[in-house]
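User: I should like to learn how to read several features of a protein model. Please give the general idea of each, and then the case at hand.

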Amino acid sequence: MDLFEESVVPEHARAVKREAREFAGEHIAPAAEEYYRSGEYPWDVLEAGMDAGLVAQDIGEAYGGRGLDLYEVLAIAEEFYRADAGIALTLQLASFGAEMLGEYGTEEQKEEYLRPVAENEQITGLAVSEPETGSDLAGMSTTARKEGDEYVIDGEKYWIGNGVEADWVTLYAKTGEDPNNRYGNFSLFVVPTDSEGYEAEHIPEKMAMRASKQAHLHLDGLRVPEGNRIGAEGAGFWMLADFFNHGRVVVGGHGLGLAAAAIEEAWSFVHDREAFGRGVSEFQAVQHKLAGMRTEFESARALNWRAAEKVANDEDAGLWAAMAKTKSTETATQCAEDAMSLHGGRSVLTDRRIARVYRDVRIPVIYEGANDIQRNLIYGQQ
Ligand SMILES: Cc1cc2nc3c(=O)[nH]c(=O)nc-3n(C[C@H](O)[C@H](O)[C@H](O)COP(=O)(O)OP(=O)(O)OC[C@H]3O[C@@H](n4cnc5c(N)ncnc54)[C@H](O)[C@@H]3O)c2cc1C
């Protein structure tokens, strides 16, 4: 059973998919349990991913990357998340947010900040969410006040992937107060993490994806030059919305990887286990459950790859990205639930792959916009 057969993947993305599969089998899957237990940052796997040319390579060739497109990044996500979601998130977040600099930044900014990320000398993070606000992107309260040719940034950010480890973050802050233009009040900035006024601490330990690290940021009178603003002042919300359309297709891939892991574990368990003098897989109810999981998985995968095409071609991107993210991540939660029940008592043994998958599926339904928000977008964009 090859759940990630290639026919749905465009031909040009198949080579990198194979590279990702080989890498995941060799470096991610064997390290998964150890990093889940220790909760440490998987620097060695990240560095191996860099050496393999699979980290931060969506940055264009002009700035030192491979210029991988959305299809290729999705193909990598499927394979990495199937192997382990926590390590996969760390590998995929190494350039998180930097893509917007690639899209909207000046030549000077790209040379200074993007090239070192593409060349794997630096890693980044994206700082949007706050302790009191996550879903409401136009409700964030961190401010960036213009003072001469600098911006002074004050506020807090929460849940920021790589907030401690990154060299710089793309930070989303309020630059306007126009109540009639709620979405036009925000801008994006490159913020080096060694700036005075930048403090980051890891958030309390999570129950899932422990090999990825998020931080609570305190920004206190932090100054950045005007030249660190990405794109036009007031355009931050729109740049972010477009970025999330791409990101949500990839988060769909996180769900598909996790769903595939759940199906694989369930399949092998019931084909190995006996009850009532028969193999458990011989019970029709068990077969129906496996049939349902596969059907949901294939539906989600077909939708997700169709959404990739829609987003790549900028056709109703917001609608398709939200549908793909919702369907694929919820297929993962359902497949994990079903796989747990097929494992009987062994489902709750902490160190089983299925238990790790069951914990991990709780996360992609939340990040890059909780699925209730995706449903608002789906309804609103039809
Ligand atoms: C592991 C992890 C990594 C993350 N990484 C990052 C990162 O790198 N950078 C970053 O900026 N953020 C990151 N986040 C934050 C993430 O994007 C937010 O958690 C998410 O957007 C939800 O925000 P919230 O947690 O504040 O929930 P809230 O906004 O408080 O919402 C709570 C719940 O209320 C409901 N709800 C809220 N508003 C609505 C509505 N309008 N309609 C219907 N229901 C609604 C939903 O059910 C929602 O789940 C990460 C989160 C996690 C868990």
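Analyst: A patch is made of residues with over 30% relative accessible area and no salt bridge, like charges being joined within 9 Å and nonpolar side chains (Val, Leu, Ile, Met, Phe, Trp, Tyr) within 5 Å. A salt bridge is a side-chain nitrogen of Lys or Arg within 4 Å of a carboxyl oxygen of Asp or Glu. Asp and Glu count as negative. The model is predicted: local features need pLDDT of at least 70 and side-chain atom pairs pLDDT 80 or more, while totals for chains, interfaces and linings use all residues. Residues are numbered from 1 along each chain, and side-chain values use heavy atoms, without hydrogens and water.

User: Which residues form a negative surface patch here?

Analyst: The patch consists of E34, E40, D44, E47 and D51. Helix α3 (residues 43-51) supplies its largest share, three residues. Helices are DSSP runs of H or I with at least four residues, and strands are runs of E with at least two.

User: Is E47 buried or exposed?

Analyst: Buried means under 20% relative accessible area, exposed over 50%, and partly exposed in between (1.4 Å probe, protein chains only). E47, in helix α3, is partly exposed at 44%. By contrast, I263 in helix α8 (residues 236-270) is buried, with a relative accessibility of 2%.

User: How should strand pairing be read, and which strands pair with β4?

Analyst: Two strands pair if DSSP finds at least two bridges between them. Strand β1 (residues 124-127) runs parallel to β4 and is joined to it by four bridges. Strand β5 (residues 186-192) pairs with β4 in the antiparallel sense, over seven bridges. T170 in β4 stands opposite L126 and also opposite V190 in β5.

User: Why is β4 described as largely enclosed?

Analyst: Strand β4 (residues 168-174) has six of its seven residues buried, so the rest of the structure largely encloses it.

User: What should one look for in the backbone angle phi?

Analyst: Most residues other than glycine have a negative phi. In this model W159 has a positive phi near 75°; its place is in strand β3 (residues 150-161). E368, also not a glycine, has a positive phi of about 55° and lies in the loop between α11 (353-360) and α12 (371-380).

User: What is the accessibility of W159, and what is that of E368?

Analyst: W159 is partly exposed, with a relative accessible area of 49%, whereas E368 counts as buried at 15%.

Methods. Accessible areas come from the Shrake-Rupley method with a 1.4 Å probe; for residues, only the protein chains shown count as cover. The place of a charge is taken as NZ of Lys, CZ of Arg, CG of Asp or CD of Glu.
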